[in-house]
Amino acid sequence: MKKNRLTSALLAIIMLSSAFFTAAPAASAAEAADEAEVKPAASVFSAMSYLKYQEKYAGENKDVEEITVNGGDYTASEGVDAVLTELDGKTGSFVQQSNEGYVEYTFNAAKTGLYNIIMEYYTVEGNATDIERKIYIDGKLPFTEAGNIVIPRLWINQTTIQQAANGDDETPKQVETHRFETVYLRDDADFYGNFEFYLSEGTHTVRFETVKEPLIISKIMFVPVEETVSYEEYYNKYTSEGYKAVENVEPIKIQAETPDLKSSAVLSPDYDRSTPNIEPYDGAKLRLNVLGEGSFSSVNMWTEYLIKDVPESGFYKITFKVKQNTARGINVSRRIYINGEIPFKEAENVEFKYSTKYYNQVLGNGETPYLVYLEKGENTIRIESCLGALAEVVRNVDDILSSLNDAYRKIVVITGTSPDVYRDYELQEKLPEVVELFGNQAAELERIRELLIDVAGEKSQYTSQLETMIRQLSRMNQKPHMIQDEVKALYDNLASLGTWVSDIQTVDMTMDYFIVSSVDAEAPKPTAGFLATAKHEFINFVATFYNDYSSIGGVAETGDVITVWTSGGRDQAEVLKRMINSEFTPATGINVNLKISSVSIINALVSGIAPDVYFGCADTVNIALRGALYDLTQFEDFDEVASWYPETALVPNSFEGATYGIPTTGAFEVMFYRADILEGLGLDVPKTWDDVYEILPVLERNNMTFGMSTDVSTAGSYAMYLYQNGGTYYNEDSTRAMFDSEISIKAMEQWSELYSNYGLPLSFDAKNRFRSGEMPLLISDYTLFNTLTIFAPQIRGLWDWTLVPGTVKEDGTVDHSVMLSVNSNVIPSSAEKNGTLENAWTFLKWFCDTDAQVEFAREIENLLGESGRYNPVNLDALAKMPWSTSQYKLLKEQLSWAQTVPQVPGSYYLNRYLDNSFRAIVNQGKEARELLIDNTKEINKEITRKRKEFKLTVYEE
Amino acid sequence: MPSLALKRKAAKNEKKKPAAYLIKQNKVAYFFVAPYFILFSIFTILPVVISILFSFTYFNMLEWPTFIGLDNYINLLFNDDLFLTSVKNTFVYAVLTGPLGYMIAFLVAWFINEITPKLRAIIILLFYAPAISGNAAFIWGLIFSSDSYGFANGILMYWGIIDEPITWMQNTSYIMPIIVIVALWGSLGTGFLSFVAGLQGCDRSLYEAAAVDGIKNRWQELWYVTLPSMKPQLMFGAVLTISGSLGIGATMAGNPSVEYTAYFMQMHLSSYATERYEMGYASAIATIMFLIMIICNKLFRKALQKIGS
């Protein structure tokens with residue numbers, strides 16, 4: 001009886017959930033949301049897409065009158081810091097928003113029609129990331145994309161390019177500059193360009209809700225949508241005013257790597273050493289000579305150059321010296337602005353073809369140059385990345401991808417991810433619309449493929465990936481009974497189509513310089529001849545004998561000198577070196593020789609070349625016990641440094657009252673979830689493990705799954721269970737492992753049960769499965785957030801993160817403990833002999849301090865973009881990372897639950913025996929209790945052996 | 001003109017001459033051999049000798065080694081279960097891959113020898129390719145990926161043989177067989193090349209002579225003519241195989257691998273050297289491995305002498 005009821009309940013859930021999927025969800029849901037009153041806090045995916053919005057208001061009037069609203073004249077607000085009347089020499093009414101809240105304006109539209117919105121703003125210092133706002137018109141999001149309006153900060157190189165002591169160029173620091181700037185509210189993905197908002201005649205409200213970062217709003221302008229004139233009209237306009245193409249003027253050459261203003265700090269100068277024909281050039285030393293090399297790769301990024309001395313007003317030719325070697329088979333596009341405006345239609349999409357060598361491209365249609373009008377004196381040229389002709393392609397494929405993803409999920413609900421080939425699922429009868437969709441989308445993709453071949457003039461990796469998809473779709477369309485055999489291939493193809501979409505949006509191009517000249521001036525040859533190249537290669541080779549490429553920025557020999565080794569990457573080391581030169585050495589007088597090294601600290605000590613500070617030490621305690629590391633608690637101000645961290649963060653680097661290392665970065669797990677899918681299944685985000693157990697069967701029935709890593713050394717799944725149940729790894733004096741305790745055994749049973757009974761996958765590719773929706777719940781290291789932002793733009797706004805599921809305690813509270821793993825930065829004991837101990841400590845303290853950590857994090861993110869976000873464990877520094885307010889709150893709460901695992905002599909034995917136990921339970925169905933008791937004995941034997949070796953007290957029964 | 005007796009006397013005297021004199025007499029030869037000999041002494045003989053000396057000490061790298069007699073060896077042979085596990089695994093692996101891989105390499109070389117030279121060159125390249133591109137083994141990682149999207153899992157699930165993906169490299173039943181298969185796949189290495197060269201160096205006239213002497217079939221030809229005339233190559237291949245299969249270190253299963261299923265002597269050694277920093281103990285393991293290899297070499301040499309008899 002009971003079983004029957006359960007089954008019927010389950011059936012009901014399944015039917016409900018599949019009903020959701022089979023109904024065409026996006027369109028109807030969006031329509032419904034559009035009619036209903038939507039609260040500002042409503043979820044993003046209930047609004048309609050901009051595409052639909054555009055269709056709906058396609059024929060509307062464009063002849064409207066401009067409306068201007070001053071920043072200070074808001075009618076409702078929350079989280080406003082100040083209203084200013086004067087700013088940077090300008091008077092008016094400005095509102096300063098903090099990093100939370102909103103401002104709302106009421107205004108009157110004289111005419112019904114479509115408007116562009118321009119915002120005049122002034123940036124305020126914040127966490128240095130892009131500023132993001134949600135725009136509500138009359139209390140609701142007009143379309144989904146309005147939930148993600150990005151307003152760029154303005155950046156400059158702090159100094160001109162300087163040279164380090166060893167003659168290499170140093171990347172100048174990227175700093176923000178503040179000034180009034182205007183921006184059209186536009187699509188961040190550049191699918192649609194400037195948004196057109198529909199307003200009916202009468203009173204409206206517009207609300208700017210803060211997603212992240214503060215901002216001063218100076219003016220909001222609703223302006224008519226205007227078409228840019230064609231080149232011909234542009235040319236005729238100025239010729240009719242009497243201007244001519246200039247003659248006999250000295251060409252002006254502008255180096256691309258040093259713009260006067262830019263939209264992102266990522267656009268810092270780069271070096272290209274592949275050719276001698278580059279400016280500036282040096283055979284042996286590093287010269288920063290180009291812009292790009294992977295950094296100018298997202299859309300809507302721009303650099304602006306000031307052309308100071310234009311000799312006379314008239315028409316000029318512009319020649320770019322570029323190399324576009326990243327996207328074979330497509331052209332990369334740029335928009336050109338002259339003095340703040342796109343001069344003519346053709347400048348909206350200047351295409352650069354693929355080439356592995358530098359080439360000169362004249363602004364023009366290939367035959368005749370498009371001359372631009374410049375005034376005598378100062379002019380600006382802005383170069384902005386865009387999708388150009390690809391916008392439509394990407395948008396369409398993106399649409400196709402999401403419709404196919406839906407279709408995939410519908411199929412999988414019926415067949416499972418690994419269907420039985422001998423069964424007839426009657427997909428043709430059950431999902432006729434999917435079969436039809438496959439046919440339509442195949443045709444649509446075919447059209448796009450031809451378009452791409454047309455544009456590039458050749459087949460490429462981009463078209464061949466489409467071909468694979470097209471072939472599969474037509475196959476499935478023609479033989480619907482075979483669809484079940486193709487499920488796996490469909491998944492793979494969808495994943496690669498997803499990658500395709502993000503790849504094709506990478507619009508990187510490297511530019512050496514551009515030249516503004518008279519129409520008949522010849523640009524210099526862009527490539528080097530054979531002899532010049534041979535000489536270049538030879539000098540390069542010879543230089544490897546006397547240039548020390550592993551030491552960063554030269555070696556100091558006089559005065560107080562300490563040596564620092566870091567095992568991180570070159571980018572990180574360069575940032576660190578710059579910070580040392582600009583801050584540490586001037587303030588303390590201590591010179592630092594920084595080296596990238598992967599030599600283990602033991603080897604360095606044995607050979608007598610140990611550094612004074614070593615970043616990224618592994619196995620700290622086991623090395624320290626041999627007297628290799630200095631005990632940092634000996635320093636007077638150690639307690640002050642320790643107070644910067646959560647108490648537990650110092651535990652893995654401490655042993656018997658001594659602390660040998662200071663952490664800088666820390667990782668812990670949170671739970672990622674797909675809000676759209678859970679909503680579709682009618683499930684709440686689980687808060688406790690009991691919730692998870694309830695959800696698992698539902699997920700399973702829909703052929704979805706819950707993701708949790710089984711790796712005991714890097715991920716903390718077992719630690720999570722253990723800590724949540726109040727267990728520990730070791731006994732109090734760390735003389736024995738405690739895995740044979742009741743709590744540990746129970747934790748192991750619970751944990752392994754998830755895999756053996758609930759069928760969680762033991763091994764999986766988290767990113768792809770989360771993106772495809774197969775794994776709507778995923779426990780992972782929080783840094784996955786950055787990867788997902790970059791890697792899975794399709795599901796932007798559809799996912800979020802929260803605390804890991806917790807265990808309900810006896811008193812009813814929920815314990816959300818997770819494992820925290822930290823790195824370790826140490827001072828080798830040899831520093832004491834060398835007399836550099838105090839200086840080493842001063843340096844370590846300086847770097848671990850909040851200010852330095854925050855600056856380091858910013859510079860790294862400036863250099864590498866969002867995917868390179870730093871994960872400090874210094875609490876104040878974490879608070880200043882560019883997370884949004886709500887994201888930071890979550891991180892802070894999860895971190896407050898985090899606990900580290902102590903290190904003891906012999907602790908390397910732990911993970912392997914834990915893993916052994918887990919595998920034996922899951923693979924061979926062995927008993928957890930017996931295994932853990934036996935394995936704990938082995939671990940304790942090793943711990944005792946090691947403790948004896950170090951003459952420490954040993955555990956006795 | 002010196003008489004025969006005098007010559008004989010001179011030869012007799014030569015035997016008694018000190019080494020220094022001999023070196024002086026043959027200085028050109030020594031001069032040519034010197035660069036290699038010096039490097040070999042410094043980087044091979046010296047470390048081996050030092051390692052043997054260290055094996056009688058406790059040495060943690062940071063402090064001066066202390067002499068502890070045979071303690072390391074006693075612990076290793078009588079107290080260290082893991083070492084015995086690793087010896088067992090190493091031997092299972094070596095017995096399966098060593099002789100088998102050796103034979104496969106020889107047979108393939110023998111077959112290839114029959115093909116026309118142009119085609120032979122291409123086929124040799126094909127067979128030798130895995131050895132050149134050391135990283136080619138990573139495709140086995142894709143094939144035996146534990147994910148349901150790994151090739152082996154994917155195909156088995158597609159055929160309906162299994163329902164759930166098998167975690168190949170974390171399941172004790174599969175680890176060893178897979179490692180052995182991968183090793184056999186890669187066994188056509190340098191030894192194989194030397195076999196090909198040896199087969200081509202066989203004197204054709206010997207075959208004619210053998211035919212006259214009454215050889216009946218190809219097998220007899222192989223046993224009595226081909227193999228004896230390529231003994232040096234066979235020995236070379238054997239040395240490589242022995243040191244290769246006994247010295248196996250990291251595998252796809254990782255270190256130390258689940259339940260020590262693929263835990264080999266080399267791993268035990270490096271675990272003590274780099275994880276526990278017990279160099280003395282690690283040296284003892286190295287010494288024992290060294291001895292085992294020498295014994296295997298001797299045995300093989302004996303076996304080779306039986307060829308053709």
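Is A:Glu656 buried or exposed? Let me begin with that residue, and say at once that what you have in front of you is a predicted model, so everything I describe this morning is computed from that model. A:Glu656 is exposed, with a relative accessible area of 53%, and the threshold for that word is over 50%. The residue sits in the loop of chain A between β29, residues 654-655, and β30, residues 658-659, and its backbone has a positive phi of about 45° although the residue is not a glycine.

Chain B offers a second case of this kind, and I would like you to hold the two side by side. B:Tyr277, which is not a glycine either, has a positive phi of about 55°, and its place is in the loop between α14, residues 265-275, and α15 of chain B. B:Tyr277, however, counts as buried, at 8% relative accessibility, whereas A:Glu656 is exposed.

While we are on the backbone, please look also at the peptide bond that runs from A:Glu279 to A:Pro280, which is cis, with omega near -15°. A:Pro280 lies in the loop between β16, residues 261-262, and β17, residues 302-310, of chain A.

Let me turn now to two residues in strands of chain A. A:Lys317 belongs to strand β18, which covers residues 314-323, and this lysine is buried, with a relative accessible area of 10%. If we set aside its neighbours within four places in sequence, A:Lys317 is in contact with A:Val362, A:Pro369 and A:Leu371, and also with A:Ile515, A:Val516, A:Ser517, A:Ser518, A:Val519 and A:Ala521. In addition, A:Lys317 and A:Ala245, which are 72 residues apart in sequence, have their C-alpha atoms 8.6 Å apart in space.

The other residue is A:Ile151, in strand β6, residues 149-151, which counts as buried at 0% relative accessibility. Not counting residues up to four places away in sequence, A:Ile151 touches several residues, among them A:Met119, A:Tyr121, A:Asp130, A:Arg133 and A:Leu215. Its C-alpha atom is separated by 16 Å from that of A:Gly865, a residue 714 positions away along the chain.

Those of you who work with cysteines may ask how many disulfides the structure holds. The count is zero over all chains. Two individual cysteines can be mentioned here: A:Cys386 is buried, with a relative accessible area of 1%, and B:Cys202 likewise counts as buried, at 6% relative accessibility.

The rest of my time goes to helix packing, and I will start in chain B. Helix α4, residues 71-79, packs with helix α15, residues 279-305, at an angle of about 70°, with the two axes 9 Å apart. Angles of 65 to 115 degrees count as roughly perpendicular, and α4(B) and α15(B) are therefore roughly perpendicular to each other. The crossing in which α4(B) passes α15(B) is right-handed. On the α4(B) side the contact involves B:Asn72, B:Tyr73, B:Asn75, B:Leu76 and B:Leu77, and these meet residues of α15(B) including B:Tyr281, B:Ala284 and B:Ile288. The residues of this contact divide into seven nonpolar and four polar, with no charged ones.

Also in chain B is helix α10, residues 190-200, whose buried residues are B:Gly191, B:Phe192, B:Ser194, B:Phe195, B:Val196, B:Gly198 and B:Leu199. These buried residues pack against four helices of chain B, namely α5 (81-113), α6 (117-132), α12 (218-229) and α13 (231-246).

Moving back to chain A, helix α18, residues 742-756, and helix α26, residues 908-924, pack at an angle of about 50°, with their axes 10 Å apart, and they are therefore oblique to each other. Here too the crossing is right-handed. A:Met748, A:Trp751, A:Ser752 and A:Tyr755 of α18(A) meet A:Leu914, A:Ser917, A:Phe918, A:Ile921 and A:Val922 of α26(A), and by class this contact has seven nonpolar, two polar and no charged residues.

The last pair is α22, residues 837-848, and α23, residues 850-864, again in chain A, which pack at about 60° with their axes 4 Å apart. The contact is made by A:Trp846, A:Phe847 and A:Cys848 of α22(A) together with A:Thr850, A:Ala852, A:Gln853 and A:Phe856 of α23(A), and its residues comprise five nonpolar, two polar and no charged.

Terms used. Residues numbered from 1 in each chain as written. Chains lettered and ligands numbered in written order. Predicted model: local features only at pLDDT ≥ 70, side-chain atom pairs only at ≥ 80, totals over all residues. Heavy atoms only, no water. Axes fitted to C-alpha atoms, helices over the stretch in contact; angles between N-to-C directions. Parallel < 35°, antiparallel > 145°, perpendicular 65-115°, else oblique. Left-handed = near helix turned anticlockwise from the far one by under 90°. Contact = heavy atoms within 4.5 Å. Nonpolar A, V, L, I, M, F, W, Y, C, P; charged D, E, K, R; others polar. Disulfide = S-S within 2.5 Å. Buried < 20%, exposed > 50% of the residue type's maximum accessible area, 1.4 Å probe, protein only.
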